[in-house]
Protein chains: 2
Amino acid sequence: MSDKRKPEWAPLNSGSEFASRIVSGENTIVNPMSNRDNKKTARQYELSELVEGVRDSNRTLLSKAITLIESNSEKHFQMGQELLNQLLPLSGASIRIGITGVPGAGKSTFIENFGLSLIEKGHKVAVLAIDPSSCISKGSILGDKTRMEKLSCHPASFIRPSPSAGVLGGVARKTRESIILCEAAGYDTILIETVGVGQSETTVRSMVDFFLLMQIAGAGDELQGIKKGIIELADLIVINKSDGDNIQRAELAKQEFSNALHYIRHATDSWQTKAVLCSALFNDGLDVIWDVVQDFKLATINSGAFKKRRTEQSIQWFESLLAESVLHSFYQSKAVIQLLPELKEKVSQGSLPVALAVSTLISAGSR
Amino acid sequence: MSDKRKPEWAPLNSGSEFASRIVSGENTIVNPMSNRDNKKTARQYELSELVEGVRDSNRTLLSKAITLIESNSEKHFQMGQELLNQLLPLSGASIRIGITGVPGAGKSTFIENFGLSLIEKGHKVAVLAIDPSSCISKGSILGDKTRMEKLSCHPASFIRPSPSAGVLGGVARKTRESIILCEAAGYDTILIETVGVGQSETTVRSMVDFFLLMQIAGAGDELQGIKKGIIELADLIVINKSDGDNIQRAELAKQEFSNALHYIRHATDSWQTKAVLCSALFNDGLDVIWDVVQDFKLATINSGAFKKRRTEQSIQWFESLLAESVLHSFYQSKAVIQLLPELKEKVSQGSLPVALAVSTLISAGSR
C-alpha cells in the first residue's frame with residue numbers, strides 16, 4: 001500500500017513505522033465513534049475538552065487523550081501530564097489484569113469472549129496491549145480490533161493496540177498512563193495483553209494486579225518449553241482449548257502445572273496460584289476464571305497485598321522512569337554529544353583510563 | 001579486639017567497616033616489605049614517587065597506589081586517575097584469569113599452589129579478589145594472606161584482598177584499576193578470585209580473559225546445585241579434590257560436565273570449554289590447567305577473540321561507569337535531595353502523575 005498518510009506526530013528520531021499512522025483502506029472495521037471527528041487532530045483539542053471527554057467516557061476523546069500521551073513531543077508531554085494530573089483522582093478503581101501466553105494459545109479469542117461475558121455482567125472493559133515487536137507495517141494498529149471484532153464494536157468496551165516503535169520502557173510508560181485514562185473514563189476492568197517476548201511479561205507484571213498465564217496442552221511436555229520465571233509471575237494458569245479431543249490432554253496439563261506449583265514461589269502474598277481449564281472458543285470456563293479474579297481481589301485486599309503492590313508499583317515506576325530520564329537528558333547535552341565518540345574511542349584503545357573519561361564527560365555534561 | 005585504628009581514609013558515608021583499616025595484632029603475617037614504611041600514608045606520597053614505585057615493581061608502593069585508587073575522596077580520585085593515566089601504557093600485557101567456585105571448593109589452596117607453580121616457571125603472579133560479602137569485621141583484609149601464606153611471602157607474588165564496604169559496581173571499578181596497576185608493576189598473570197554470590201561472577205567475567213569454574217565431586221548430582229548461567233561463563237571447569245577415595249567420583253563429575261558442555265553455549269568465540277581434574281592440595285593437574293590457559297590464549301589471539309573481548313570490556317566498563325556516575329551526581333544535587341522525598345510520597349499515594357514528578361525533578365536537578 002503506497003498511500004502512506006502522515007502520522008499526527010511522531011516520536012523523536014522515529015522512522016516511518018511510527019504507530020499512530022493510519023493504514024487506509026481498513027477503516028471500515030474501526031469503531032465508527034472513534035472516527036466521527038477525524039478531521040480534528042488531538043493537537044486542536046483544548047485540555048478541558050479532553051478532560052471532560054474522558055470523564056464522560058467519550059471513546060473518541062479517550063482515544064485522542066491516549067494519542068496525546070503517546071506523543072513524544074515536549075509540548076504534548078506537558079499537556080498530557082496536565083491531563084493525567086487532572087484525571088488521576090478518578091483513577092485506580094479497577095482491576096488490572098495482565099494476560100500472556102505464546103502465540104497460538106488463543107489470547108485474542110479469550111479476551112474477546114471473556115470481555116463480552118464481563119460486559120454482560122455489567123462491567124466496562126478496556127483492552128490494552130504491549131507488544132515489543134509490533135509496528136504499523138505489520139498492521140498491528142488495526143490487528144487487535146480485527147481480531148476482536150465483536151468486542152471492539154460493543155459500546156461498553158475500549159480497545160487500544162500497543163503503542164509501538166519505541167523501547168519497551170517508553171511503551172510501558174504509555175501503557176501505564178493509558179490505564180489511568182481508561183480508569184478515569186469509567187472502565188472497571190483493564191485487560192493488558194502481551195506476547196512472551198523478552199522482558200515484556202515482567203513489564204506487564206509490574207503494572208497489573210493479577211497476572212494470567214495462558215497455556216495450551218501439548219504432547220505431555222507442557223513444562224518443557226516454558227521458563228520457570230514466567231510461572232513465578234502468574235496468579236492463574238489457564239489451560240485453553242480444553243475442548244473436543246483435547247480435553248484429556250488439557251486435564252493432564254492442568255495436573256502437571258498444579259504439581260509444579262507446589263514447588264514454585266507464588267507471585268502474590270496471601271494468594272495461591274492455581275491452574276484451571278478453559279475453552280475460550282466455546283465460552284467454557286470463563287465464569288470460573290472471573291470467580292478466581294474476584295477471590296483474588298478479596299483475599300489480597302483483606303491482606304493488604306493489593307494496596308501494597310500498587311504502591312510499590314508506583315514507586316518502582318517512578319524510580320525507573322527517573323533514572324531513564326536522567327540518563328536521556330545527559331546524553332542529549334551538547335557537550336556530551338560532542339565529546340563522547342572521541343573519549344569512547346580512546347577508552348576502547350586503552351589509551352585513556354575509563355574513570356577519567358567518565359569524569360571528563362560528567363563535568364562537561366553538567367556545565 | 002577493641003583497639004580499632006583509624007583507616008587512612010574512608011569512602012563517603014561508609015561505616016566503621018571500611019576495609020582499609022588495619023586489624024592490629026595480626027601484622028606478623030603481613031609481608032614485611034609492605035609495612036616497612038608504615039608511618040607514611042599514601043596521602044603523603046608524591047604522584048611521581050608512586051608512578052616510579054609501581055614501575056619498579058615495589059610492592060609497598062604498588063600497595064599504596066591501590067589504596068589511593070580505592071579511596072572515594074575527590075582529591076584522591078584526581079590523583080589516582082592521573083596515576084592510572086601515566087601507567088596505562090605499561091598495562092595490558094598479562095593474562096587475566098577469573099576463578100570462581102562455591103566455598104569449600106578449594107579455591108585458596110588452588111590459587112596458592114597454582115601461583116607458586118607459575119612463579120617456579122618464571123612468572124610474576126598477582127592475586128586480587130572480589131567478595132561482595134567481605135568486610136573488615138570478618139577479617140577479610142588479612143584473610144586472603146592468611147589463607148595463602150606461602151604465596152604471599154614470595155617476592156614474585158602480590159596479593160590484595162577484596163576492596164570492601166561498597167556496592168559491587170564500586171568494588172568492580174577498583175579491582176579493574178588494580179589490574180592495571182599490577183600489570184604496570186610487571187605482573188604477567190593476574191588471578192581474580194570471587195565467591196559465587198549474586199552478580200559477582202558476571203562482574204569478574206566482565207574483566208578477565210579466561211574464566212575458571214572450580215567444582216568438587218558430590219554425590220553424583222554435580223549439575224543440580226549449579227546454575228546453568230555460571231557454566232556458560234566458564235572457559236574451563238576444574239573438578240578439584242580429585243585425590244584418594246575421591247578420584248572415581250571426580251572422574252564421574254568430569255564426565256557429567258563434559259556431557260553438559262555439548263549442550264551449552266560456550267563463553268568464548270573460537271574456544272571449546274572443557275572439564276579437567278585436579279588435586280590442588282597434592283599439586284596434581286596444575287600444569288595441565290596452565291597448558292589449557294596457554295592453548296586458550298593462542299587460539300583466541302589468533303582468532304582475534306582475545307583483543308575483541310578486551311575492547312568490548314573497556315567499552316562496557318566505560319558505559320556502565322558513566323551511567324552510574326551520571327545518576328550518582330544527579331541524586332547528589334541539592335534540589336533533588338530536597339524535592340525527592342515529597343514527590344516520591346505523592347507518587348506512592350497516587351496523587352501525582354509519575355512522569356510529572358520525574359520531569360519536575362529533572363528540571364530541578366539541571367538548574
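Two strands pair if DSSP finds at least two bridges between them, and strands (E, at least two residues) and helices (H or I, at least four) are DSSP runs numbered from the N terminus. This is a predicted model, in which local features need pLDDT of at least 70, side-chain atom pairs count only at pLDDT 80 or more, and totals for chains, interfaces and linings use all residues. Residues are numbered from 1 along each chain as its sequence is written, chains are lettered from A and ligands numbered from 1 in the order in which they are written, and side-chain values use heavy atoms, leaving out hydrogens and water.

Let's start with strand E4 (residues 189–195) of chain A, where 6 of the 7 residues are buried (under 20% relative accessible area, 1.4 Å probe, protein chains only). Strand E2 (residues 125–130) of chain A runs parallel to E4(A), joined by 6 bridges, and A:Ile130 has A:Thr194 as its bridge partner. Strand E1 (residues 95–101) of chain A also pairs with E4(A) in the parallel sense, over 7 bridges; here A:Ile99 stands opposite A:Glu193.

Now move to the largest nonpolar core, a set of buried Ala, Val, Leu, Ile, Met, Phe, Trp, Tyr and Cys residues joined through side-chain atoms within 4.5 Å. Of its 42 residues, those touching the most other members include A:Leu361 and B:Phe318. Helix H14 (354–365) of chain A and helix H13 (305–332) of chain B are among the helices that each supply at least two residues of this core. Beyond its neighbours within four places in sequence, A:Leu361 is in contact (heavy atoms within 4.5 Å) with residues including A:Phe330, B:Phe318 and B:Leu322.

Definitions and conventions:
Buried means under 20% relative accessible area, exposed over 50%, partly exposed in between (1.4 Å probe, protein chains only).
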